[in-house]
Protein chains: 2
Amino acid sequence: MQTIALLSGGMDSCVLLAYLIAQHKDTAALSVHYGQRHVRELDAARKIAAHFAVEHHVLDLVCLRPLLKGSSQTDDAVCVPEGHYAEDTMKLTVVPNRNMILLSIAGAWALSRGATAISYAAHAGDHTIYPDCRPAFVAAMNRAFGLCDWKAIRVDVPFQFMSKGEIACLGKKLQAPFELTWTCYKGQERPCEQCGACQERAEAFGCAGMRDPLLGKESR
Amino acid sequence: MQTIALLSGGMDSCVLLAYLIAQHKDTAALSVHYGQRHVRELDAARKIAAHFAVEHHVLDLVCLRPLLKGSSQTDDAVCVPEGHYAEDTMKLTVVPNRNMILLSIAGAWALSRGATAISYAAHAGDHTIYPDCRPAFVAAMNRAFGLCDWKAIRVDVPFQFMSKGEIACLGKKLQAPFELTWTCYKGQERPCEQCGACQERAEAFGCAGMRDPLLGKESR
């Protein structure tokens with residue numbers, strides 16, 4: 001086993017898995033239920049892992065929810081903001097220290113089984129909203145992961161300088177199963193097409209000259 | 001709220017709490033059950049938090065156990081090594097990436113409630129066995145915690161250059177309730193006095209010119 005990939009069930013982590021596998025990296029996937037509103041993502045993650053036939057561990061950390069106040073994703077008192085992803089209101093969707101928690105657990109699993117790397121799908125479009133997707137954060141985590149054990153592990157973030165549109169293009173080339181992914185923050189029956197995540201997804205498919213297969217099904 | 005302290009229930013984290021409170025720091029405590037063998041520590045943590053009348057959150061993360069293979073503390077296939085703490089066999093007690101996981105969760109809680117610091121009781125005696133207690137690791141985590149959110153939080157490790165004996169001396173001065181603490185890795189009815197943790201505890205009390213109150217009770 002070489003790499004543990006964080007798999008949220010969204011389109012970016014789906015392309016990440018496709019990308020690692022296309023490079024013949026022996027990969028396992030980790031998904032975490034930390035109390036997020038959009039648990040449909042986890043069903044999506046299961047289907048994506050099954051599609052790629054990779055080992056998949058889904059961890060139930062709902063008990064963290066009381067410690068993750070102030071985010072629309074984990075705190076019922078905070079509504080999911082509508083509007084474009086680039087707007088300041090989207091900062092309400094930041095789950096406090098989420099990526100460090102997920103990476104630290106992925107790192108523990110990696111060390112337990114002799115994997116040498118962990119990977120997540122942070123991208124350039126995330127940088128203005130999500131502090132724990134920024135290259136400086138990735139660099140700091142790499143330093144910490146070089147010291148947390150007697151063996152170092154590496155944090156690979158292959159999309160950190162790519163836009164979500166470029167990730168969609170890559171996924172198209174790699175035939176990533178976008179029809180299995182879930183993005184909408186509201187987690188209802190179908191994508192709301194209003195939240196920032198839905199809008200960003202639509203733009204990404206637009207860049208790749210694709211129709212979103214989740215919406216396509218309905219409009220046929 | 002200023003500081004979230006990791007409280008294992010051992011003597012070091014008990015003195016840490018005494019130390020933070022003596023400095024009039026508004027402190028809350030976090031304890032985590034990650035599947036460790038010595039769950040008696042968690043009862044000790046509850047009693048210590050009650051003694052200091054601080055808010056205390058105990059998180060049940062036993063579901064992490066299958067991901068934490070290879071440590072005597074979380075893997076039944078690995079026996080608790082006996083012998084002195086300084087011996088190489090004690091590396092079997094390292095729980096993979098434990099401190100990064102615990103710190104990342106403490107950091108999330110700190111960010112959720114506007115605390116500005118997190119603290120843990122790593123000390124100089126830990127450095128040769130536990131990589132995630134070394135000053136270089138602490139420095140790397142401080143850098144990561146400065147970037148994981150739009151507000152920075154600080155990792156305070158006040159005992160990082162002190163020996164366990166010096167911590168025991170400090171605890172004596174601060175009247176830390178050592179009788180409530182639990183150290184033994186085996187987690188049986190009474191301390192085994194054989195494991196590295198028991199031996200190190202005995203040496204620390206020796207340095208402080210104290211009798212271990214847990215053993216004292218029996219010998220009276």
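**View 1. The sheet of chain B is built from five strands with parallel pairing.** In this predicted model, the strands of chain B line up in the order S3-S2-S1-S4-S5 and form an open sheet. Look for the two edges: S3 and strand S5 (154-156) of chain B stand there, each with a single partner strand, so one side of each is left without a neighbour in the sheet. As you step from strand to strand, the direction turns by 25 degrees on average between neighbours, direction ignored. If sheets are new to you, remember that their strands pair through backbone hydrogen bonds, either parallel or antiparallel.

**View 2. Strands S1 and S2 of chain B run parallel, and a helix packs on their sheet.** How many bridges join strand S1 (residues 3-6) of chain B to strand S2 (residues 27-33) of chain B? There are four bridges between S1(B) and S2(B). To find your place, start at Ala5(B), which has Ala29(B) of S2(B) opposite it. Helix H2 (residues 40-52) of chain B packs on the sheet and touches S2 and S3 of chain B. The direction of H2(B) makes about 165 degrees with that of S3(B).

**View 3. Chain A has an open sheet of five strands, in the order S3-S2-S1-S4-S5.** The pairing in the sheet of chain A is parallel. Its edge strands are strand S3 (55-60) and strand S5 (154-156) of chain A, and each of them pairs on one side only. On average, neighbouring strands of this chain A sheet are turned by 25 degrees against each other, direction ignored. Zoom in on strand S2 (residues 27-33) of chain A, which runs parallel to S3(A) and is joined to S3(A) by six bridges. A handy landmark is Leu30(A), whose bridge partner in S3(A) is His57(A).

**View 4. Helices H5 and H6 of chain A pack at an angle of about 55 degrees.** Two packed helices are described by the angle between their axes and the distance between the axes. Here the helices are H5 (residues 164-173) and H6 (residues 196-207) of chain A, and their axes lie 7 Å apart. H5(A) and H6(A) are therefore oblique to each other, and their crossing is right-handed. On the H5(A) side, the contact is made by Lys164(A), Gly165(A), Ile167(A), Ala168(A) and Cys169(A). The H6(A) side brings Glu200(A), Glu203(A), Ala204(A), Phe205(A) and Cys207(A). By class, six of the residues in the contact of H5(A) with H6(A) are nonpolar, one is polar and three are charged.

**View 5. Chains A and B are related by a rotation of 180 degrees.** With 0.0 Å of shift along the axis, this rotation superposes chain B on chain A with an RMSD of 0.0 Å. The two copies are thus related as by a two-fold rotation axis. Where do the copies meet? The copies meet through the same surface, because 100% of the interface residues of chain B are also interface residues in chain A. Chain B gives 35 residues to the contact, and chain A gives 35 residues. On the side of chain B that touches chain A, strand S3 (55-60), helix H3 (98-113) and helix H4 (135-145) of chain B each supply at least two residues. The largest share of that side, 10 residues, comes from H3(B). Sorted by class, the side of chain B that touches chain A has 22 nonpolar, six polar and seven charged residues.

**View 6. Helix H3 of chain A meets helix H3 of chain B.** The axes of helix H3 (residues 98-113) of chain A and H3(B) come within 9 Å and cross at roughly 165 degrees. Angles over 145 degrees count as roughly antiparallel, and H3(A) and H3(B) are therefore roughly antiparallel to each other. H3(A) passes H3(B) in a left-handed crossing. Met100(A), Ile101(A), Ser104(A), Ile105(A), Gly107(A) and Ala108(A) meet Met100(B), Ile101(B), Ser104(B), Ile105(B), Gly107(B) and Ala108(B). This contact of H3(A) with H3(B) has eight nonpolar, four polar and no charged residues.

**View 7. Helix H4 of chain A crosses helix H4 of chain B at roughly 165 degrees.** The axes of helix H4 (residues 135-145) of chain A and H4(B) come within 8 Å. H4(A) and H4(B) are therefore roughly antiparallel to each other, and H4(A) passes H4(B) in a left-handed crossing. Residues to pick out in H4(A) are Phe137(A), Ala140(A), Met141(A), Arg143(A) and Ala144(A), which make the contact with Phe137(B), Ala140(B), Met141(B), Arg143(B) and Ala144(B) of H4(B). By class, the contact of H4(A) with H4(B) has eight nonpolar, no polar and two charged residues.

Note on methods
Residues numbered from 1 in each chain as written. Chains lettered and ligands numbered in written order. Predicted model: local features only at pLDDT ≥ 70, side-chain atom pairs only at ≥ 80, totals over all residues. Least-squares fit on C-alpha atoms with pLDDT ≥ 70 in both. Contact = placed C-beta atoms within 7 Å. Pairing = 2+ DSSP bridges. Axes fitted to C-alpha atoms, helices over the stretch in contact; angles between N-to-C directions. Parallel < 35°, antiparallel > 145°, perpendicular 65-115°, else oblique. Left-handed = near helix turned anticlockwise from the far one by under 90°. Nonpolar A, V, L, I, M, F, W, Y, C, P; charged D, E, K, R; others polar.
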